[in-house]
Amino acid sequence: MTAGVEVVFERRGAGPTLVLLHGIGHHWGAWLPVLDRLAETHDVIAVDLPGFGRSPVPAAGLPADMPALVTGIVELFAALGLERPHVAGNSLGGAIALELAAAGAVASATALSPAGFCTARELRWALTVLTLHRNAARLPEPVLRHLFAAPALRALAMGMLLARPNRMALDVALADARALREARAFRAVARAGRGYAFAGAPTVPVTVAWGTRDRILPYRQAALARTRLPTARHLDLPGCGHVPMHDDPELVASVILGTTGAGPA
């Protein structure tokens, strides 16, 4: 936690700084499958966004819109003594990463299935599915443990988020359910994001990578991202769902490192 900025984070490794931003209802643990791989070449900071994970809701309240949220992340960079770090994000975090790139606040941005490229109907679908998952996460933990321990039931419970749910360890699945259940900022952020669409023009290296089996922000949205970001590098994540870090950690790590310049482009 930083002085003056109430944000919890995990920090590992050494080298150029890389900040990792999770999606709505998630927490920094979303990046565990790729964290150590990225930390081989980077000073990696995986953040619990305000009101998610163990980060409290700010005393002044949650940001009302994307510009305010981006301002808060820039203030976090300043509190940590970071000057234009690399950044990677998933879903909501991907949208934040792109906005930071458009603001010139980062050295590079990798966006994994980012928000901001869907229709109003598609966004309602995504938020409805995630809200249903959040309601299910309120089941007693012994019930959730039983649910996640059975491969068929785990696939049913997590198949909307992951293409390969059985690759996730039981304790990690439970931690994710706990984070979703306890996400104090979920409703406010969902409400604030209903009219959001990315419209920036980054001048730093940007990669947009989309899971071909994403069922939350479907892969077809990658076509609009290509149109709006013609100078970015656009990649498919074959066989990956909405949270690709669990489905194919090595591929996701290589995509991020290719953007930061620490791996093949």
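Hi everyone, let's start with the sheet. It is an open sheet of 7 strands, in the order S1-S3-S2-S4-S5-S6-S7, and the pairing is mixed. As a quick reminder, strands of a sheet pair through backbone hydrogen bonds, either parallel or antiparallel. Please keep in mind that this is a predicted model.

Which strands stand at the edges? They are S1, residues 9-12, and S7, residues 233-237. Each has a single partner strand, so one side of each is left without a neighbour in the sheet. From one strand to the next, the twist averages 15 degrees.

Now let's look at one pair in detail. Strand S5 covers residues 108-112 and strand S6 covers residues 206-211; the two pair in the parallel sense, over 4 bridges. If you want a spot to click on, try Ala111, whose bridge partner in S6 is Val208. While you are there, look for helix H9, residues 221-228, which lies across S6 and S7. Helix H9 runs at about 165 degrees to S6.

Next, a residue from another strand: Leu20, which lies in S2, residues 17-21. Is Leu20 buried or exposed? Leu20 has a relative accessible area of 0%, so this residue is buried. What does Leu20 touch, leaving out residues up to four places away in sequence? The contacts are Trp31, Leu35, Leu38, Val44, Ile45, Ala46, Val47 and Ala88. Here is a nice example of how a chain folds back: Leu20 and Gly94 are 74 residues apart in sequence, but their C-alpha atoms are 9.3 Å apart in space.

On to the cysteines. A disulfide is a covalent bond between the sulfur atoms of two cysteines. How many disulfides does a search of the whole structure find? The search finds 0. Take Cys118, which is in no disulfide: the nearest cysteine sulfur belongs to Cys240 and is 20 Å away. Why is there no bond from the Cys240 side? The closest cysteine sulfur to that of Cys240 is in Cys118, and 20 Å is too far for a bond, because a disulfide needs the two sulfur atoms within 2.5 Å. Both cysteines count as buried because their relative accessibility is under 20%: Cys118 is at 17%, and Cys240 is at 0%.

Finally, a word from the records. UniProt, in an unreviewed entry, places the feature "domain: AB hydrolase-1" at residues 18-254. In our model, that span is 44% helix and 13% strand, and its end C-alpha atoms lie 14 Å apart. Thanks for listening!

Definitions and conventions:
Residues are numbered from 1 along each chain as its sequence is written. This is a predicted model: local features need pLDDT of at least 70, side-chain atom pairs count only at pLDDT 80 or more; totals for chains, interfaces and linings use all residues. Side-chain values use heavy atoms; hydrogens and water are left out. Two strands pair if DSSP finds at least two bridges between them. Axes are lines fitted to C-alpha atoms, for helices over the stretch in contact, and angles run from 0 to 180 degrees between N-to-C directions. Contact means heavy atoms within 4.5 Å. Buried means under 20% relative accessible area, exposed over 50%, partly exposed in between (1.4 Å probe, protein chains only). UniProt positions are given in the numbering used here, feature names are shortened, and annotations may be inferred rather than shown by experiment.
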